[in-house]
Amino acid sequence: MSQASGAGPLIQVENITRVFHVGGEEVRALRGVSFGINRGEWVAIIGQSGSGKSTMMNVLGCLDTPSSGRYMLNGKDVSRMSDDELAVIRNVEIGFIFQTFQLLPKETALANVELPLVYRGVSAKERRARATAALEKVQLAHRMHHRPNELSGGQRQRVAIARALVSEPSMLLADEPTGNLDSATGEEIVRLFEQLHKAGHTLVLVTHEPKLAARCPRAIRLSDGEIVADGDGRTVAMGTASDVLNAGGA
Amino acid sequence: MRAFLDNLRLALGTFLGNPLRSLLTLLGIVIGVATVITMMGLIEGLRVKVNNDLGRMGAHTFQVTKWPAGGFGRINWAKFAKRKDFEMPDSRAIEESCPSVGTVVPTDDEGGQKLATASSETRPSVRVFGTPANYPLVSGVSVQAGRYFNEVEALDGRYVVLLGTDVSDALFPGMNPVGHEVRIKGRPFRVIGLLQKRGSMLGMFSLDNQVMIPLSVFHQLYGKKRSLDISVQAKSPELFSKAQDEVASLMRRRRDVPANMPNDFELHTNESVTASFNQLSQVITIAGVGVCLLSLVVGGIGILNIMLVSVMERTREIGVRKALGARKRRILGQFATEAVLLSLMGGALGLGLGFGLVFLGNWMMGFPMQVPPWAVGLALFMSCGVGLLFGIYPAARAAKLDPVEAMRAD
């Protein structure tokens with residue numbers, strides 16, 4: 001949809017901070033983070049728990065807004081938008097893939113995949129056609145009338161990926177997508193990501209697993225709310241501190 | 001529109017997913033609506049019946065009597081007993097000196113009478129009416145078989161009688177009574193007619209448990225020291241109120257009522273009798289609506305409760321929907337639609353139950369119940385309103401949820 005529009009990076013994050021107030025205390029989850037991601041890139045954001053990567057994921061996913069700094073997504077400044085404006089951005093620009101899948105348990109796979117289109121006001125007929133096509137892409141067309149509890153973990157995550165793809169967003173944002181899967185199934189999902197990357201999708205993957213980050217062409221390591229490494233996936237994932245030179249983007 | 005249909009589908013799904021819980025929640029609304037339908041049915045039925053029954057007095061006709069008719073509340077009978085009786089000269093005076101008056105019909109009646117034949121007798125509950133020959137002109141009475149007595153029979157004081165259907169059924173079951181003989185107070189009467197069935201007044205006392213005899217004969221049987229009821233028909237509908245004024249001032253003169261005192265007699269029109277009933281039925285209607293509102297509030301609290309539970313249970317779902325791009329208004333709409341649909345279903349069930357009760361009341365107890373269409377509209381409108389009123393708060397809570405927090409809930 002908007003995949004080919006505009007020049008420059010798809011994501012431009014400039015000096016972003018996010019401060020939480022917990023019981024009168026200030027917690028600085030992000031302390032001035034800057035980077036850019038181009039269209040078609042596959043980037044891992046890696047860090048220990050408490051590193052700020054979840055906060056980063058929420059900000060990138062427009063589920064949260066930064067306390068200061070600027071976040072440009074596909075040419076739009078989304079850092080000061082209202083809740084409802086952000087809802088529209090999430091619907092149009094972002095395809096979410098969550099660790100716990102976040103499928104609606106009472107709805108069929110097909111209805112789950114249709115959901116983003118429901119909130120875009122697409123007609124029922126077109127919704128059905130597009131959701132079916134998305135399920136075919138993840139090889140689940142034959143299971144589309146099943147409910148999540150009738151599907152295996154890997155199948156559920158593939159339904160979730162179909163749901164992320166169906167609205168043709170400018171980026172896919174995955175949060176620990178293999179965290180709840182055994183290693184064989186996890187591998188299946190990573191291969192699917194590789195295919196999507198080859199097909200030209202922009203992928204951002206948030207994880208604490210170095211092995212997963214190492215599969216990505218590029219990785220950004222967060223620690224204590226700051227970028228400590230940004231570069232080739234394997235190098236950053238293995239955690240040698242010498243790669244700090246790329247930090248801070250351009 | 002599409003959003004509305006989607007919301008409707010979702011709401012229906014929730015209802016069907018949890019039918020027992022939904023039904024129990026709705027009980028308050030079901031009972032509230034059923035109550036209002038039944039009460040309105042009863043009141044409207046009575047009102048229609050009263051208007052029909054009393055409307056049988058005849059067109060542009062009013063009655064002059066000593067006693068007030070019906071009326072609700074305490075009646076000071078002693079005060080009315082002191083009033084002067086109406087007698088035949090009063091009736092003749094109206095006929096002679098009121099130019100707007102057409103027909104004047106004096107009548108008298110006595111309840112608790114027993115009629116007998118050689119082989120059977122009625123219970124002592126029959127009302128005997130003494131009337132002139134022209135009585136059918138001003139009343140709802142008509143003859144089904146035989147004929148009414150004529151001028152000559154009335155003036156001569158012949159012992160002839162017309163039977164109401166209840167009396168005829170008791171004395172001559174399955175037979176035409178015309179030509180047979182019956183006894184009233186031991187005197188033999190020839191049956192010359194059978195009256196048309198009129199049904200019962202307010203479903204309580206029968207209008208067919210009565211007989212008609214000439215007024216002169218009535219006076220022989222029951223004495224003359226009684227007060228007549230004088231039915232007066234105006235010459236035309238336009239002269240109706242003028243005729244009432246003429247009769248009232250004539251009676252005041254004849255009864256020496258001082259100018260500053262109220263009438264010491266009663267003028268009844270269809271309107272004046274029905275008005276007092278309508279007044280009562282209005283009071284009951286308002287009380288009924290009050291009762292209904294109260295139970296709808298109880299029902300509404302049920303809705304409030306179930307919707308709060310529903311929002312809590314589905315926090316995660318709400319989080320997912322918001323993450324995938326549902327705006328606040330959409331979530332609000334989803335849950336508000338659910339609440340309204342829920343209480344509308346309650347309203348519909350209540351309607352069904354109410355109509356069932358009305359049907360039972362009609363069928364088993366013979367109450368003349370009739371549900372006015374506006375009560376159906378009101379009941380549905382109110383249950384809709386209750387759903388909206390009590391559903392909006394839980395829906396607003398759902399809409400305000402933070403998607404990240406909500407998706408973390410279990």
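This is a short walk through a predicted model with two chains, A and B.

Okay, let's start with chain A. There are 250 residues here, and 48% of them count as buried. In secondary structure terms, chain A has eight helices and 10 strands. If you take the contacts between residues at least 6 apart in sequence, 66% of those join residues at least 24 apart.

Now, the sheets. One of them in chain A is an open sheet of four strands, and if you read across it the order is 2-1-4-5, with antiparallel pairing. The edges are strand 2, residues 25-37, and strand 5, residues 76-77, and each of those pairs on one side only. Have a look at the strand 5 edge. Strand 4, residues 68-73, is joined to strand 5 by two bridges, and the two run antiparallel. If you want a spot to click on, A:Met72 stands opposite A:Asp77, which sits in strand 5. Then there's helix 1 of chain A, residues 53-60, which packs on this sheet. Helix 1 touches strand 1, strand 2 and strand 4, and its direction makes about 60° with that of strand 2.

Let me pick one residue in this part and stay on it for a moment: A:Ile16, which is in strand 1. Is A:Ile16 buried or exposed? The cut-off for buried is 20 or more other C-beta atoms within 10 Å. A:Ile16 has 24, so it counts as buried. And who are its partners? Once you set aside neighbours within four places in sequence, A:Ile16 contacts A:Leu30, A:Val33, A:Val59, A:Pro66, A:Gly69 and A:Tyr71. Take A:Pro66 from that list: it is 50 residues from A:Ile16 along the chain, and yet the two C-alpha atoms are separated by 6.2 Å.

Next sheet, still in chain A. Six strands make an open sheet, in the order 6-7-8-3-9-10, and this time the pairing is mixed. Strand 6, residues 94-97, and strand 10, residues 226-232, are the edge strands, each pairing on one side only. On average, neighbouring strands in this sheet are turned by 20° against each other, ignoring direction. At the strand 10 end, strand 9, residues 218-223, pairs with strand 10 in the antiparallel sense over six bridges. A:Arg218 is a handy marker there, standing opposite A:Asp232 in strand 10. Over at strand 6, helix 5, residues 153-166, lies across strand 6 and strand 7, running at about 175° to strand 6.

Right, on to chain B. This one has 410 residues, with 40% of them buried, and it is built with 14 helices and 13 strands. For contacts with a separation of 6 or more, 82% come from residues 24 or more positions apart.

Some of you will ask about the membrane. Which parts of chain B does UniProt list as "transmembrane region"? The entry, an unreviewed one, gives residues 20-43, 286-311, 332-359 and 371-393. We can set two of those against the model. Residues 332-359 are 100% helix, and the end C-alpha atoms lie 40 Å apart. Residues 371-393 are 91% helix with 0% strand, and there the end C-alpha atoms are 34 Å apart.

Elsewhere in chain B, I'd like to show you helix 8, residues 215-222. Its buried residues are B:Leu215, B:Val217 and B:Phe218. Looking down the axis, those buried residues fall within an arc of 155°, so they line one face of the helix. What do they pack against? The answer is strand 2, strand 4, helix 6 and strand 11 of chain B. Just after helix 8 comes B:Gly223, with a positive phi, near 90°.

Last bit: how the chains meet. How many residues are in contact? On the chain B side there are 16, and they contact 19 residues of chain A. Four helices of chain B each supply at least two residues to that side: helix 1, helix 11, helix 12 and helix 14. Helix 11 gives the largest share, four residues. By class, the chain B side has seven nonpolar, two polar and seven charged residues.

That's the tour, so over to you for discussion.

Note on methods: Residues numbered from 1 in each chain as written. Chains lettered and ligands numbered in written order. Predicted model: local features only at pLDDT ≥ 70, side-chain atom pairs only at ≥ 80, totals over all residues. Contact = placed C-beta atoms within 7 Å. Nonpolar A, V, L, I, M, F, W, Y, C, P; charged D, E, K, R; others polar. UniProt positions renumbered as here; feature names shortened; annotations may be inferred. Buried ≥ 20, exposed ≤ 12 C-beta atoms within 10 Å, placed from the backbone. Arc of directions from axis to C-beta. Pairing = 2+ DSSP bridges. Axes fitted to C-alpha atoms, helices over the stretch in contact; angles between N-to-C directions.
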